[in-house]
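Below is a short note to be read alongside the sequence and the coordinates. The points are ordered by topic.

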Amino acid sequence: EAGFLAIRLHYRADEEKRDPEWIKSARLGMPEAGWQREMEIDFEARGGELVYPMFTREAHVRPMTATRIDTRVRAMDHGIRNPTTCLWAAIMRPSPPWFTADVYFYREYTRSGATIGQNCAAIRALQDLHEPPPRYTVIDRATLKRLPNAEHTEMDEYAIHGVPAIPSNSVKQAGRQAVYDYLLSSIARHALATGNLILGVGDFRYFLI
């Protein structure tokens, strides 16, 4: 419709990459879902796959201790066809023996096909009036784009409807790595505190050295 022609090129368009030996070498160490998505152009290949396979309830799910809460924050991802989501998190004051600031996610909102106004109304309704408001809300940086036929952005629209936010850092890999590190450190602390390794999440015996 815009006058452009888009051609989807498979890696086999390169004659050298039709060689079974090249494919075998290229796939070495690459997860099957990753290969299907990146090389076979299958964007649904990761459907249902865990983003963080080391996540386990034994190490990562605990009752939240309200007396230690230092800061409350929210994180949002805006969507229309894909759901809009909002997570409430409580950051705890560091405490012995590890002097770490645990993060607890204690409330979630998710909805597809809603307007920004509808999402904001639902998020405000979920906010518990008996708890301190979030110190800040972080939202997907993509909301800095302007709304159609308007002079303000999607992020501005959230503020207009009572959910002001600040844009997130757009370096997604760094964010994933930070979560990955937090999950692993929780497994390490669990192992050190209990002497028990968590089965099914890899070999973490080096934590006990």
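1. Ala66 is a convenient place to begin, and it should be said at once that the model is a predicted one. Ala66 is exposed, with a relative accessible area of 55%, and the residue sits in the loop that runs between helix H3 (57-60) and strand S1 (69-77). Its C-alpha atom is separated by 8.6 Å from that of Met92, although the two residues are 26 positions apart along the chain.

2. The sheet is open and is built from 5 strands in the order S3-S2-S1-S4-S5, with mixed pairing. Strand S3 (103-111) and strand S5 (166-167) stand at the edges, and because each of them has a single partner strand, one side of each is left without a neighbour in the sheet. Within this arrangement, S1 and strand S2 (residues 84-92) run antiparallel and are joined by 8 bridges. A reader who wishes to check the register may start from Val73, whose bridge partner in S2 is Ala89.

3. Which salt bridges involve Asp102? One is formed with Arg62, where the closest N and O atoms are 2.9 Å apart. That pair links distant parts of the chain, since Arg62 belongs to the loop between H3 and S1 while Asp102 belongs to the loop between S2 and S3, 40 residues apart. Another is formed with Arg189, the closest N and O atoms being 3.0 Å apart. Here Asp102 is again in the loop between S2 and S3, whereas Arg189 is in helix H6 (residues 172-194), so the pair ties together parts that are 87 residues apart in sequence. Through shared partners, these salt bridges join Arg62, Asp102 and Arg189 into one network.

4. The members of that network can also be described by their accessibility. Asp102 counts as buried at 12% relative accessibility, and Arg189 is buried as well. Arg62, by contrast, is partly exposed, with a relative accessible area of 42%. For context, a search of the whole structure finds 6 salt bridges, and this note describes some of them in detail.

5. Glu131 deserves a separate point. The residue lies in the loop between helix H4 (116-126) and strand S4 (136-139), and at 13% relative accessibility it counts as buried. Glu131 forms a salt bridge with Arg72, with the closest N and O atoms 3.6 Å apart. Because Glu131 is in the loop between H4 and S4 and Arg72 is in strand S1, the pair ties together parts that are 59 residues apart in sequence. Arg72 is buried, as Glu131 is. The side chain of Glu131 is further joined to the side chain of Arg107 by a polar contact of 2.9 Å, and it makes a polar contact of 3.0 Å with the side chain of Gln127.

6. Why does the structure hold 0 disulfides, as far as Cys86 and Cys120 are concerned? The sulfur of Cys86 has its closest cysteine sulfur in Cys120, at 9.4 Å, which is too far for a bond; a disulfide would require the two sulfur atoms to be within 2.5 Å. Looked at from Cys120, the closest cysteine sulfur is that of Cys86, at 9.4 Å and likewise too far for a bond. Cys86 is buried, with a relative accessible area of 0%, and Cys120 also counts as buried at 0% relative accessibility.

7. Two backbone conformations merit a look during review. Most residues other than glycine have a negative phi. Ile41, which is not a glycine, nevertheless has a positive phi of about 60°; this residue lies in the loop between helix H2 (32-38) and H3 and is partly exposed, with a relative accessible area of 21%. Asn149 has a positive phi of about 60° too, and is not a glycine either. Asn149 is found in the loop between S4 and helix H5 (154-160), where it is exposed, with a relative accessible area of 87%.

8. A last point concerns the surface. Leu5, Ile7 and Leu9 make a nonpolar surface patch of about 410 Å². Of these residues, Leu5 lies in the segment before helix H1 (20-27) and counts as exposed at 75% relative accessibility.

Terms used:
Residues numbered from 1 in each chain as written. Predicted model: local features only at pLDDT ≥ 70, side-chain atom pairs only at ≥ 80, totals over all residues. Heavy atoms only, no water. Buried < 20%, exposed > 50% of the residue type's maximum accessible area, 1.4 Å probe, protein only. Patch = residues over 30% accessible without salt bridge, like charges linked within 9 Å, V, L, I, M, F, W, Y side chains within 5 Å. Areas by Shrake-Rupley, 256 points an atom, 1.4 Å probe, with all protein chains shown as cover. Salt bridge = Lys/Arg side-chain N within 4 Å of Asp/Glu carboxyl O. Helix = DSSP H or I, 4+ residues; strand = E, 2+ residues; numbered from the N terminus. Pairing = 2+ DSSP bridges. Polar contact = N/O pair within 3.5 Å; in protein donor to acceptor, adjacent residues only side chain to side chain.
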